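Grab a pencil and work through these exercises with the structure open beside you. Try each task before you read its solution.

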Amino acid sequence: MIKILKVKKVLPGRTFESKDSLGNPRQVLVASFVLSDGINSMVAEAYGDVATACANKNLQEGDLCSVKISTEARSWNDQQGQERWETRVAIQGIDVLAKNSF
């Protein structure tokens, strides 16, 4: 889905170890943001090339953006065996509409 969202906070970037399609190790860049539509807020992450594109756009707090996002709900069992759920929000693309608009 595509949403118009404001960047509320730019979170610290990180990397993690993964494997490419041939099984070779590679580092994956992750860019994380708190985004808001004015009512709802979410933490959304961009991975790999999309994270690099976000870094190149120099996103800052207050920027108004058109953001293509996808969501995924997943469950897992914690150490006590209880089922837990989380929703992940992934940024598939982002375009800055106005810098520091609010």
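**Exercise 1. Work out how accessible K99 is, then find its salt-bridge partner and say what the pair ties together.**

Step 1. K99 has a relative accessible area of 43%, so it is partly exposed (buried means under 20% relative accessible area, exposed over 50%, and partly exposed in between, with a 1.4 Å probe and protein chains only).

Step 2. The side chain of K99 meets that of D63 in a salt bridge, 2.9 Å from N to O. The term salt bridge stands for a side-chain nitrogen of Lys or Arg within 4 Å of a carboxyl oxygen of Asp or Glu.

Step 3. D63 sits in the loop between helix 1 and strand 5, and K99 in the segment after strand 6, so the pair ties together parts that are 36 residues apart in sequence. Helices (H or I, at least four residues) and strands (E, at least two) are DSSP runs, numbered from the N terminus.

Step 4. Now check the partner: D63 has 0% relative accessibility and counts as buried.

A quick word on the ground rules. This is a predicted model, where local features need pLDDT of at least 70, side-chain atom pairs count only at pLDDT 80 or more, and totals for chains, interfaces and linings use all residues. Residues are numbered from 1 along each chain as its sequence is written, and side-chain values use heavy atoms, with hydrogens and water left out.

**Exercise 2. Count the salt bridges, then describe the one between K57 and D95.**

Step 1. The count comes to six salt bridges.

Step 2. In one of them, the side chains of K57 and D95 meet at 3.4 Å, N to O. K57 is in the loop between helix 1 (49–56) and strand 5 and D95 is in strand 6 (residues 83–98), so this pair ties together parts that are 38 residues apart in sequence.

Step 3. Look at accessibility next. K57 is partly exposed at 31%, and D95 is partly exposed at 46%.

Step 4. While you're in that loop, find N58, which also lies between helix 1 and strand 5. Its phi is near 50 degrees, a positive value in a residue other than glycine. N58 counts as partly exposed, with 46% relative accessibility.

**Exercise 3. Place R74 and trace the network it belongs to.**

Step 1. You'll find R74 in strand 5. At 29% relative accessibility, R74 counts as partly exposed.

Step 2. The side chains of R74 and E86 form a salt bridge of 2.8 Å, N to O. This pair links distant parts of the chain, with E86 in strand 6 and R74 in strand 5, 12 residues apart. E86 is partly exposed too, at 25%.

Step 3. Which residues make up the network with R74? Salt bridges that share partners join R74, E86 and R88 into one network.

Step 4. R74 and R88 are 14 residues apart along the chain, and their C-alpha atoms are separated by 8.0 Å.

Step 5. Leave aside the neighbours within four places in sequence, and R74 is in contact (heavy atoms within 4.5 Å) with R84, W85, E86 and R88.

**Exercise 4. Say which strands pair with strand 1, and in which sense.**

Step 1. Strand 1 (residues 2–10) runs antiparallel to strand 5 (residues 64–77), and five bridges join them. Two strands pair if DSSP finds at least two bridges between them.

Step 2. For an example, take K3: its bridge partner in strand 5 is V67.

Step 3. Strand 1 also pairs with strand 3 (residues 25–36), in the antiparallel sense over four bridges. Here K6 has S36 as its bridge partner in strand 3.

**Exercise 5. Sum up the whole chain.**

Step 1. Count the elements: the protein chain has one helix and six strands. Along the sequence they follow the pattern β-β-β-β-α-β-β.

Step 2. The C-alpha trace spans about 45 × 35 × 25 Å along its principal axes.

Step 3. What percentage of the 102 residues is buried? Buried residues make up 27% of them.

Step 4. Finish with the contacts between residues at least 6 apart in sequence: 54% of these join residues at least 24 apart.
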